[in-house]
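Colleague: Could you take one part of this model and go through it slowly with me, at a level that suits a first-year student? I would like to see how the pieces around it are arranged.

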Amino acid sequence: MEENCIFCKIVNGDFGTDFILENDYAVVFNDINPKTPVHILVVPKTHVASLNELDDKNLLGELMMTVKQAAKKVGLSSYKTLINTGKEAGQEVFHLHIHIMGDKN
């Protein structure tokens, strides 16, 4: 856990965030600034700054499986995933996270 990382604090339960899904590898919760009717985040429990720092193939696979599970749980059969990697690419929180965006219609 990184002391000043907002996502580490969320994972740790410091803010009482409601998780849509939680497993051994990640938590899933609603994005605070949704860009689509359904906009959730998959955040690994382990602090990894960005995709560039992720070397664990198993964790990457578990995160992608969590994307599938979370999308299904919120009723999405079609959705967009997005990983911003680096400040220039729009990453604002430097803890790897996967956006799942869609519309239930």
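Modeller: Leu-60 has its place in helix α2, which covers residues 57-73, and I should say at once that we are looking at a predicted model. With a relative accessible area of 35%, Leu-60 counts as partly exposed, because that value lies between the 20% below which a residue is called buried and the 50% above which a residue is called exposed. Together with Leu-51 and Met-64, Leu-60 makes a nonpolar surface patch of about 220 Å².

From the helix we can turn to the sheet, which is open and has five strands in the order β1-β2-β3-β5-β4, with antiparallel pairing. Its edge strands are β1 (21-22) and β4 (80-82), each of which pairs on one side only. In general, the strands of a sheet are held in pairs by hydrogen bonds of the backbone, and the pairing may be parallel or antiparallel. Strand β2, made of residues 26-30, and strand β3, made of residues 38-44, are joined in the antiparallel sense over five bridges, and within this pair Ala-26 stands opposite Pro-44 in β3.

Strand β5 (residues 98-102) is the place of His-99, and this residue is buried, since its relative accessible area is 9%. The side chain of His-99 makes a polar contact with the side chain of His-39, at 2.8 Å. Leaving aside residues up to four places away in sequence, His-99 touches several others, among them Asp-31, Ile-40, Leu-41, Thr-81 and Leu-82.

Asp-24, which sits in the loop between β1 and β2, is by contrast exposed, because its relative accessibility is 70%. The C-alpha atoms of Asp-24 and Glu-62 are separated by 9.1 Å, although these two residues are 38 residues apart along the chain.

The last feature to follow is a pairing of charges. As a general matter, side chains of opposite charge can pair when their charged atoms come close. In this model the count comes to one salt bridge, and it is formed by Lys-45 and Glu-22, whose closest N and O atoms are 3.0 Å apart. Because Lys-45 lies in the loop between β3 and α2 while Glu-22 belongs to strand β1, the pair ties together parts that are 23 residues apart in sequence. Both partners are partly exposed, Lys-45 with a relative accessible area of 30% and Glu-22 with a relative accessibility of 46%.

Terms used:
Residues numbered from 1 in each chain as written. Predicted model: local features only at pLDDT ≥ 70, side-chain atom pairs only at ≥ 80, totals over all residues. Heavy atoms only, no water. Patch = residues over 30% accessible without salt bridge, like charges linked within 9 Å, V, L, I, M, F, W, Y side chains within 5 Å. Areas by Shrake-Rupley, 256 points an atom, 1.4 Å probe, with all protein chains shown as cover. Salt bridge = Lys/Arg side-chain N within 4 Å of Asp/Glu carboxyl O. Helix = DSSP H or I, 4+ residues; strand = E, 2+ residues; numbered from the N terminus. Buried < 20%, exposed > 50% of the residue type's maximum accessible area, 1.4 Å probe, protein only. Pairing = 2+ DSSP bridges. Polar contact = N/O pair within 3.5 Å; in protein donor to acceptor, adjacent residues only side chain to side chain. Contact = heavy atoms within 4.5 Å.
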